Every structure is written in C-alpha cells, then in structure tokens.
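User: Got a structure here I'd like to walk through. Can you take me around it?
Analyst: Sure, here it is.

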Amino acid sequence: LIVQRMIRVLAGEYHFPLDTIARDVPVFIELDGRRHKRKAELAVLRPGSSPDPASIERLIAIRKPTIKPNDPVSGIASLEDLLDAVPACEFGLWTNGRDVAYLQKIPAALQSRFVELSDFPGAGERLDDLDRPDRRIARIAVADDLRETILRCHDYLYGNQAMTANRA
C-alpha cells in the first residue's frame with residue numbers, strides 16, 4: 001500500500017509521468033570492499049530511458065511501518081547508501097508510511113554529504129524553485145498522504161509539547 005501511495009504522490013503531486021517511475025530497481029553498493037545488490041523500491045527515471053543508474057533522477061526507499069528512521073540497517077542510512085551508489089542521482093526520499101525524509105546528496109572527493117530537505121523538486125523543477133513563493137508546480141496533497149501528515153503533526157506536538165493524546 002505504501003508503494004502504491006508513493007506512486008500516486010510522485011505522479012499526482014510532483015507531476016512525474018507514470019512511465020518514468022520504475023519499481024524494484026537494482027542498485028549495487030560497495031560495502032567493506034564487497035559489492036552488494038540492493039534495490040530501490042521506486043526510482044524516477046529520465047523520460048525515455050531504461051532503469052540503469054545513469055538515468056535515475058530520484059530514488060525512493062520504502063520500508064515497513066515498523067522500521068524507524070534511525071534504524072542502522074534499514075533507516076535513512078540505507079537511502080544514503082543507495083544515493084551514494086548512483087552518481088547521477090542527487091535527490092532521494094525515505095519513508096515507512098508515517099515518517100518521511102528527503103535527502104540531497106552533495107558529492108565530495110572522499111565521501112558524499114547528505115542534507116535533509118523539507119521537500120524535493122518535482123518534474124521540471126530545480127532546488128531553487130522550492131523556496132520561491134510563486135512556485136510553478138503547486139503540490140496538491142493526495143488524500144491518504146494528507147491524513148498521514150496530520151497524524152505526524154499530532155504525534156510531534158504530543159511528543160514535544162506535553163499535550164494529551166486525543167486521537168480521532
């Protein structure tokens with residue numbers, strides 16, 4: 001269900017054409033001097049290209065709802081590993097259905113740095129477009145995504161502002 005929802009979000013909110021969204025794209029990661037095959041549950045490809053690493057524009061790592069973002073194996077660090085293994089890809093998204101993290105990869109000589117963003121650019125957008133008040137592509141939230149966003153806000157306020165847990 002999370003994969004299906006993310007496909008709807010990528011197509012409906014970010015305006016990526018459905019034919020550019022690929023499922024279960026293999027990515028080869030170098031760990032401890034050995035090559036390991038991992039998969040990106042979703043990848044956004046350049047229009048008209050096949051799912052090879054050179055054509056990937058966005059990587060999306062989708063985990064089970066029980067996986068926390070700080071999990072050392074399947075958390076946000078797993079998205080960093082995927083992004084690091086795909087030189088052409090600058091942006092990624094990690095989600096477990098409730099938590100969402102957007103990352104930007106900043107390549108460096110020895111090791112890439114990763115910056116957490118509040119969003120990533122949609123189809124035809126650049127990073128600078130995210131801060132423009134007249135952002136050309138307005139994001140209209142998918143209904144399921146909006147419900148999860150409200151629940152995340154509630155949980156944040158409850159956990160950080162000592163509020164009571166009245167959930168509808």
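User: How much area does the protein expose, and what share do carbon and sulfur atoms supply?
Analyst: About 10,100 Å² is exposed, and carbon and sulfur atoms supply 53% of it. Keep in mind that this is a predicted model.

User: What percentage of the residues count as buried?
Analyst: The protein has 168 residues, and 39% of them count as buried.

User: OK, layout. How many helices and strands?
Analyst: Three helices and six strands. Along the sequence the pattern reads α-β-β-β-α-β-β-β-α.

User: What is the strand order in the sheet?
Analyst: E1-E2-E3-E4-E5-E6. The sheet is open, has six strands and shows mixed pairing.

User: Which strands stand at the edges?
Analyst: E1 and E6. Each has a single partner strand, so one side of each lacks a neighbour in the sheet. From one strand to the next, the twist averages 35°.

User: Walk me through the pairing. How many bridges hold E1 and E2?
Analyst: 10 bridges, in the antiparallel sense. E1 covers residues 21-31 and E2 covers residues 34-45. One facing pair there is Ile-29 and His-36 in E2.

User: What sits between those two strands?
Analyst: Two residues, which makes E1 and E2 a hairpin. Asp-32 in the turn has a positive phi of about 55°.

User: Which way do E2 and E3 run, parallel or antiparallel?
Analyst: Antiparallel, joined by four bridges. E3 is residues 56-62. Leu-42 stands opposite Ile-60 in E3.

User: How many bridges join E5 to E6?
Analyst: Five, and the two strands run antiparallel. Gln-104 faces Val-115 in E6.

User: Which strands does H2 touch when it packs on the sheet?
Analyst: E1, E2, E3, E4, E5 and E6. The direction of H2 makes about 35° with that of E5.

User: Which H2 residues are buried?
Analyst: H2 spans residues 76-85, and its buried residues are Ile-76, Ser-78, Leu-79, Leu-82 and Leu-83. They cover an arc of only 150° around the axis, which puts them on the same side of H2.

User: Remind me why spacing like that gives a side.
Analyst: An α-helix has 3.6 residues a turn, so residues three or four places apart point the same way.

User: Which residues of H1 are buried?
Analyst: In H1, residues 2-12, they are Ile-2, Val-3, Arg-5, Met-6, Val-9 and Leu-10. Down the axis of H1, these fall within an arc of 160°, so they line one face of the helix.

User: Switching to the cores. How many residues are in the largest nonpolar one?
Analyst: 20 residues. Those with the most contacts inside it are Ile-56, Leu-59, Leu-79, Leu-82 and Trp-94. E1, E2, E3, H2 and E5 each give two or more residues to this core.

User: And what does Leu-59 touch?
Analyst: Leaving out residues up to four places away in sequence, its contacts include Ala-40, Leu-42, Leu-79, Leu-82, Leu-83 and Phe-91. There is also a second, separate core of 17 residues, with Val-3, Leu-10, Tyr-102 and Phe-120 among them.

User: What share of the contacts is long-range?
Analyst: Take contacts between residues at least 6 apart in sequence: 44% of them join residues at least 24 apart.

User: Now the loop between E2 and E3. Is Ser-55 there buried or exposed?
Analyst: Buried, with a relative accessible area of 5%. Beyond residues up to four places away in sequence, Ser-55 touches Val-44, Leu-45, Arg-46, Ser-49 and Ser-50.

User: And Ser-49, what is its relative accessible area?
Analyst: 31%, so Ser-49 is partly exposed. Ser-49 lies in the loop between E2 and E3 too. From Ser-49 to Asp-19 is 9.7 Å, C-alpha to C-alpha, with their positions 30 residues apart in sequence.

User: Last topic: odd backbone angles. What is the phi of His-15?
Analyst: About 65°, a positive phi although His-15 is not a glycine. Most residues other than glycine have a negative phi. His-15 is in the loop between H1 and E1. Its relative accessibility is 38%, so His-15 counts as partly exposed.

User: Where does Asp-24 lie?
Analyst: In strand E1. Phi of Asp-24 is near 50°, again positive in a residue other than glycine. Asp-24 is partly exposed, at 40% relative accessible area.

Key:
Residues are numbered from 1 along each chain as its sequence is written. This is a predicted model: local features need pLDDT of at least 70, side-chain atom pairs count only at pLDDT 80 or more; totals for chains, interfaces and linings use all residues. Side-chain values use heavy atoms; hydrogens and water are left out. Buried means under 20% relative accessible area, exposed over 50%, partly exposed in between (1.4 Å probe, protein chains only). The arc is that of the directions from the helix axis to the C-beta atoms. Two strands pair if DSSP finds at least two bridges between them. Contact means heavy atoms within 4.5 Å. Accessible areas come from the Shrake-Rupley method with a 1.4 Å probe; for residues, only the protein chains shown count as cover. Axes are lines fitted to C-alpha atoms, for helices over the stretch in contact, and angles run from 0 to 180 degrees between N-to-C directions. A nonpolar core is a set of buried Ala, Val, Leu, Ile, Met, Phe, Trp, Tyr and Cys residues joined through side-chain atoms within 4.5 Å.
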